[in-house]
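Work through the exercises below with the sequence and the model open. Try each task before reading its solution.

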Amino acid sequence: MEQINKDFEKYFYLKEKEKDFYTSTNFWSFGRSRGVFGGQIISQALAAAILSIDPNYHIHARKYDELFEFHVERIRDGGSFASRFVSVKQDGRNIYKMMCSFQKEEESLTEHQFEMPEVYPEDHPINMDADIRDEIIRPIYANIKLYDQVEMITKFAVPVDPKLCESYINILENHTTEGEPRVKTPHSLQWVKIDEDFSDNSYQINPAFLACISDFFITVTIMFPYMTGYNNRKIDRTMGVSLDHSMYFHKRFRVDDWILCEVESPRMVGSRGFLNGKFYSKDGTHFATMIQENLNRTDILSKDVILEHNFKNLPMENSRL
């Protein structure tokens, strides 16, 4: 437990004030002008809950310039499961609440999952066009140091299927080869890892870091139909705010090794976008799932923008059948 406390104070600026009360010791300035980055609050609140729990329990689910205070309420400590409720305050006001459920590891006689999407490995020479990286990816994810300490490395993953591959590497082109307006589905694939060796650290920092990472790929995914292809530069996203964020941790994993993150948005309506994401280790193990609803407000920059889309199915769906 001593190592867990040291890790969370070092990497997440979190320190115990008194029993079940924690405070942030520093401020990570990654948040945009409208406020703090949601991934920061998610990961710090999860870290506070972990600090209140016996290390034999592991997180399996959670619903998600001034420093923050974290109050952990011990809801239940059972033989196999334990629950925590975390309230986050800033300047005396509630800004976030999280429910966490922990489970002691146990052997399971039954197990299933869908296969990981078939993509080129993270070290394969194929990649998205340089113009795409410069215009879409780099301004958002370039040189990010989580909590100003450890670098998060990201690479857009490219599907092996030739048709899907073409749709990923040419998403800035206005029209398809058939002459139709090119509209990218709200679906993304990224390789991601933290450029740090956590071999000597507590395992518990891995889910805390993933909680932070999980909030990064939302903007690009949900805006693909509107900011690429035919709609490129025809619409401006003026606001993006997380409304709720849930995560489910299925198996152990490491964030200092490459992770494939698949995010899709099956619905956007009323300025609210719904997304779900799956996280896979390199060996294909589906180890975590994310669900989020967020607020997206936009301004039209061009009269010929296509604002409504009906997609027949998710891009990777046929490859899994």
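**Ground rules.** This is a predicted model, where local features need pLDDT of at least 70, side-chain atom pairs count only at pLDDT 80 or more, and totals for chains, interfaces and linings use all residues. Residues are numbered from 1 along each chain as its sequence is written, and side-chain values use heavy atoms, with hydrogens and water left out.

**Exercise 1.** Place isoleucine 95 and describe its surroundings.

Solution. Start with the strand: isoleucine 95 lies in β6, residues 93-104. Strands are DSSP runs of E, at least two residues, numbered from the N terminus. Next, accessibility: isoleucine 95 counts as partly exposed because its relative accessibility is 38% (buried is under 20%, exposed over 50%, partly exposed in between, with a 1.4 Å probe and protein chains only). Now list contacts (heavy atoms within 4.5 Å). Beyond neighbours within four places in sequence, isoleucine 95 touches Ile41, Phe68, Val88 and Gln90. Finally, take phenylalanine 68: it is 27 residues away along the chain, with 9.4 Å between the two C-alpha atoms.

**Exercise 2.** Which residues of α1 and α2 meet?

Solution. From α1, take Ile4, Asn5, Phe8 and Phe12; from α2, take Ser43, Gln44, Ala47, Ile50 and Leu51. Then sort them: 6 are nonpolar, 3 polar and none charged (Ala, Val, Leu, Ile, Met, Phe, Trp, Tyr, Cys and Pro are nonpolar; Asp, Glu, Lys and Arg are charged; the others, Gly among them, are polar).

**Exercise 3.** Is α2 mostly covered or exposed?

Solution. Count the buried residues: 13 of the 14 in α2, so the helix is mostly covered.

Terms used:
Helix = DSSP H or I, 4+ residues; strand = E, 2+ residues; numbered from the N terminus.
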